[in-house]
Amino acid sequence: MAKNRRVFVCSDCGTHHPRWEGRCNGCGSWASVAEAPVEVAVSKTGSTATATDLPALEDFGLSGCLPVPIGFDEVDSVLGGGLVPGSVTLLSGEPGIGKSTLSLQIAMHAAAPGASVVLVTGEEAPAQVAARGVRTGEIPRSLSVLDNTSVSEVIATLTEAKPQLVVIDSIQTLRCDDVDSAAGSVTQLRSAAAQLVNMAKALNVTVLIIGHVTKDGTLAGPRVLEHLVDTVLSFEGDRMNSLRYLRVAKHRYGSTTDVGVFEMTGQGLVSIRDPSDLFLVDRHPGAPGSVVVPTIEGRRPLLVELQSLVNQSHGMGAHISTQGVPTARVKQAMALLSRYLDVEFVSTEVFVSAAGGAKVNEPGGDLALALSLLSSIRNVSLPANLVACAEVGLAGELRSVPHMERRLQEAHRMGFHLVIVPESAPEPPMGLRLVRARSLFGAVEEIQALSA
Ligand code: TYD
Ligand code: MG
């Protein structure tokens, strides 16, 4: 049995309403809702289905979601091939970390002959941007600059220019004239971003929006925009160090597990193809407190040297200072050593660092961290070619960690011969010897046997 049902549709945004409305609930437009009759079939079971021909999902294929390479290899690989035309990407990071430099380099790569790229520079004068561009390479003619902070004027100009890529530096400097609050406020950010997203979809223009986040104010900043955009990239690092990581926090068109590694040099950001090599280059193999761990950044294995220095102090408790390793993990490693190996940390100063500005914030570094502390407090070197990779549970047991095969391959590639692992670890690549242990205590016994 079929019967007619009245449906009212907004001509501006397509929102369906069960009854006529003066103002659309979807987009807020006035007088845009009109009746559109639809045949509704009611099945015997009482379920309903529209008689209008809905498109089959598979007919859409991948068209419209295929990335176009920027030509900046490290960024393309993090994005799974490049930027998808008409997509909106938010590049967030702390002030001074290098967002403007990265996005300028992206714009310069994307502005190949025949392409048109526009930089909207609300934050710096065009001359300053050009000076930065000259430091990093040759500025292409097809890269234009728009020195304006009014969203409506920016969108009007871009609607006429129809570039392939627009970089907004930064969303905090834009202002919507019809929003009654200061530039940079959450209402302004939301409104500006929503208008840019609409423009991107309507004109099929790719948009890269820069947003500052601060350590304490992350929620009030561009994080409120994350649900609006297709991709969220975060640019991270320590300003005292030249290493930078580009991580994908959200990606509607691909995976979020990859990470790009860069070095900030005098000529802008340079991709680091072999970060393991960078982290180990100045290492002193066999120094007490030094242990190498194959850690994972995204899907990428990186060999990092963990270093500990444990000294006697005159205070009562242990003073702990860390770099690149969470203090909580150091405390846990100290507690495990104290419980299962009777190591005493009272009246000590404990310094732990991931060398070269690296970060080890995953369970795979637990065993290396404990061995590094033990090696320093006992002032005993570990075998120079030893790598340790295991999570240590609170019962002192060694547990396997994800991507073990990839980690072992990286250790082998970097010339290490010996890896201490949990019993369940997979078979190693040819030429790499695994020492399997069940517990932290067992691992230490195995290492002592090796050194004897
Ligand atoms: P910037 O991109 O302005 O950071 P953000 O936009 O995130 O605030 O760059 C920050 C720092 O990078 C700045 O202190 C200078 C440094 N820098 C270099 O070391 N080399 C370079 O080639 C460039 C362009 C900048
Ligand atoms: Mg900047």
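User: What makes a residue count as near ligand 1 in this model?

Analyst: A residue is near a molecule if one of its heavy atoms lies within 4 Å of it. This is a predicted model, and in it 15 residues sit around ligand 1, with G96, S100, T101, T265 and G268 coming nearest.

User: How do you know that S100 makes a polar contact with ligand 1?

Analyst: The cut-off for a pair of N or O atoms is 3.5 Å. An N or O atom in the S100 side chain is 2.7 Å from an oxygen atom of ligand 1, so the pair counts. T101 has a polar side-chain atom 2.6 Å from an oxygen atom of the ligand, and R135 has one 3.3 Å from a nitrogen atom of ligand 1. As for cover, the protein hides 74% of the 560 Å² of accessible area that ligand 1 has on its own.

User: Which element gives the most to the shell around ligand 1?

Analyst: That's α2, with 3 residues. Helix α2 (99–110), α3 (126–136) and β14 (259–265) each supply at least two. By type, the shell has 3 nonpolar, 8 polar and 4 charged residues.

User: Why are α7 and α10 called roughly perpendicular?

Analyst: Angles of 65 to 115 degrees earn that name. The axes of α7 (residues 327–341) and α10 (residues 440–451) cross at roughly 75 degrees and come within 10 Å, so the two helices are roughly perpendicular to each other.

User: What makes the contact between them?

Analyst: On α7 it's L336, L337, Y340 and L341, and on α10 it's L440, F441 and V444. Those residues divide into 7 nonpolar, no polar and no charged.

Definitions and conventions: Residues are numbered from 1 along each chain as its sequence is written. Chains are lettered from A and ligands numbered from 1 in the order in which they are written. This is a predicted model: local features need pLDDT of at least 70, side-chain atom pairs count only at pLDDT 80 or more; totals for chains, interfaces and linings use all residues. Side-chain values use heavy atoms; hydrogens and water are left out. Axes are lines fitted to C-alpha atoms, for helices over the stretch in contact, and angles run from 0 to 180 degrees between N-to-C directions. Helices (H or I, at least four residues) and strands (E, at least two) are DSSP runs, numbered from the N terminus. Angles under 35 degrees count as roughly parallel, over 145 as roughly antiparallel, 65 to 115 as roughly perpendicular and the rest as oblique. Contact means heavy atoms within 4.5 Å. Ala, Val, Leu, Ile, Met, Phe, Trp, Tyr, Cys and Pro count as nonpolar, Asp, Glu, Lys and Arg as charged, and the others, Gly among them, as polar. A polar contact is a pair of N or O atoms within 3.5 Å; within protein, one must be able to donate a hydrogen and the other to accept it, and residues adjacent in sequence count only if both atoms are side-chain atoms. Accessible areas come from the Shrake-Rupley method with a 1.4 Å probe; for residues, only the protein chains shown count as cover.
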